[in-house]
Amino acid sequence: MNTELPLVAAPMAGGATTDELAAAATSAGAFAILAGGYLSAAALDERIRAARVWGDFGVNLFVPGTDTVDGTAFARYADALEGEARAAGVELDPVPRTDDDAWHEKLALLCAQPVPVVSLTFGLPDRSDIGRLQRAGTAVLATVTTSTEARAAVEAGVDGLVVQGPSAGGHSATWDPNRRITDGQTAPLVSAVRAITALPLIAAGGVDGPASVTELLRAGADSVAVGTLLLRTDESGASATHRAALASPAYTDTTMTRTFTGRPARALRNGFIARHEAHEITAYPAVHHLTRELRRRAAEAGDADRVHLWAGTGYRAAQTGPAAHVIRALAAAL
Ligand SMILES: Cc1cc2nc3c(=O)[nH]c(=O)nc-3n(C[C@H](O)[C@H](O)[C@H](O)COP(=O)(O)O)c2cc1C
């Protein structure tokens with residue numbers, strides 16, 4: 001990661017990280033990580049081909065989980081969402097759907113056509129998979145949310161860590177989706193992980209300006225990733241509904257929620273969360289598939305109250321304008 005600035009454009013799956021956003025961040029001196037999650041291997045291949053034109057970059061993958069879904073709990077949750085679905089004209093499928101996010105296909109692609117960096121979230125794959133990527137010449141980064149995960153990732157032989165604090169927007173990278181993630185800052189976690197390892201560390205979570213960048217570098221990070229601060233930029237692929245909500249006075253807080261996908265994620269606290277947090281369940285990606293069409297329709301209709309409005313705690317600082325301005329402004333205090 002030989003970049004001009006110690007900054008990383010964090011991977012944001014689901015549309016937010018566009019080729020244009022990654023390219024703009026790169027041209028401003030940051031390192032961009034493409035979001036491989038939710039994409040087919042063929043679609044990821046296209047994104048990688050486009051990225052090779054503008055230089056060094058990384059690719060992020062979701063590591064598939066091994067938990068089985070409790071069918072009864074899932075049916076109960078689907079039942080609780082019935083009213084929402086009916087109002088939106090969506091039919092819910094009460095049978096849990098699972099998938100591995102095309103893990104094997106994407107791994108085969110990345111081994112056949114290696115990229116400089118692969119970052120992993122939601123867990124650690126078999127050591128053999130890490131080894132295959134490394135033998136292909138790729139630096140493998142594991143995303144960790146605790147010191148315990150950091151230790152396990154170091155032992156598994158990864159090349160670096162993304163240290164994600166609980167204030168980060170979007171899905172928590174936690175390896176244990178049942179874990180209750182309490183609010184907190186990223187810097188103390190970075191210091192704790194730095195005490196364990198000399199590997200390169202990328203800190204992520206809650207960055208709201210240049211002061212947080214310097215704080216995380218001082219805590220021991222080699223570079224700092226930003227996600228939420230890029231969501232409202234010209235090049236972001238976030239929906240108009242999501243962008244507007246980030247700036248709306250109607251949303252005054254973020255919270256960790258499993259209501260939308262069955263995995264903890266930080267979002268602006270909206271009506272959907274308020275209505276369903278009491279009976280949310282841990283079942284990813286089954287709940288993701290269950291609510292997907294509902295969320296898509298709501299976003300299309302501008303109904304922010306039924307959309308997963310992923311946001312880190314620094315969302316109030318998310319500005320419109322070119323992404324390059326955001327990157328350069330973050331570097332102001334360096
Ligand atoms: C809309 C959105 C989508 C995200 N998607 C991913 C993803 O696909 N993979 C991943 O490892 N992290 C994902 N994240 C987390 C970011 O990579 C990063 O850790 C986080 O944005 C940093 O915190 P911040 O949002 O406070 O800057 C996502 C975050 C957001 C806001």
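## Helices α5 and α6

In this predicted model, α5 and α6 lie roughly parallel to each other (an angle under 35 degrees). Helix α5 covers residues 103-112 and helix α6 covers residues 127-135 (helices are DSSP runs of H or I, at least four residues, and strands of E, at least two, numbered from the N terminus). They pack at about 25°, and their axes are 9 Å apart (axes are lines fitted to C-alpha atoms over the stretch in contact, and angles run from 0 to 180 degrees between N-to-C directions).

The crossing of α5 past α6 is left-handed (near helix turned anticlockwise from the far one by less than a right angle; right-handed if clockwise). On the α5 side, Trp103, Leu107, Ala108, Leu110 and Cys111 make the contact (heavy atoms within 4.5 Å). On the α6 side, the residues in contact are Asp129, Arg132 and Leu133. By class, the contact of α5 with α6 holds six nonpolar residues, two charged ones and no polar ones (nonpolar: Ala, Val, Leu, Ile, Met, Phe, Trp, Tyr, Cys, Pro; charged: Asp, Glu, Lys, Arg; polar: the others, Gly among them).

## Helices α2 and α5

Helix α5 also packs against α2, with axes that come within 9 Å. These two axes cross at roughly 30°, so α2 and α5 are roughly parallel to each other. The crossing of α2 and α5 is right-handed, whereas α5 passes α6 in a left-handed one.

From α2, the residues in contact with α5 are Ala41, Leu44, Asp45 and Ile48. Their partners in α5 are Glu105, Lys106, Leu109 and Leu110. Five residues of the α2 contact with α5 are nonpolar, three are charged and none is polar. Leu110 of α5 takes part in this contact and also in the contact with α6.

## Helices α3 and α12

Helix α3 spans residues 71-80, and helix α12 spans residues 286-301. The two axes come within 11 Å and cross at roughly 20°. That angle makes α3 roughly parallel to α12.

The crossing of α3 past α12 is right-handed. Phe74, Tyr77 and Ala78 are the α3 residues in contact, and they meet Ala286, Val287 and Leu290 of α12. Six nonpolar residues make up this contact of α3 with α12, with no polar and no charged residues.

## Backbone features in two loops

The loop between α11 (271-276) and α12 contains Pro285. The peptide bond from Tyr284 to Pro285 is cis, and its omega is near 5°. Ala286, one of the α12 residues that meet α3, belongs to the helix that follows this loop.

A second loop, between β2 (31-35) and α2 (41-52), contains Tyr38. Tyr38 is a residue other than glycine with a positive phi, near 70°. The helix after this loop is α2, which packs against α5.

## Basis of the values

Residues are numbered from 1 along each chain as its sequence is written. Local features need pLDDT of at least 70, side-chain atom pairs count only at pLDDT 80 or more, totals for chains, interfaces and linings use all residues, and side-chain values use heavy atoms, leaving out hydrogens and water.

Methods:
Angles under 35 degrees count as roughly parallel, over 145 as roughly antiparallel, 65 to 115 as roughly perpendicular and the rest as oblique.
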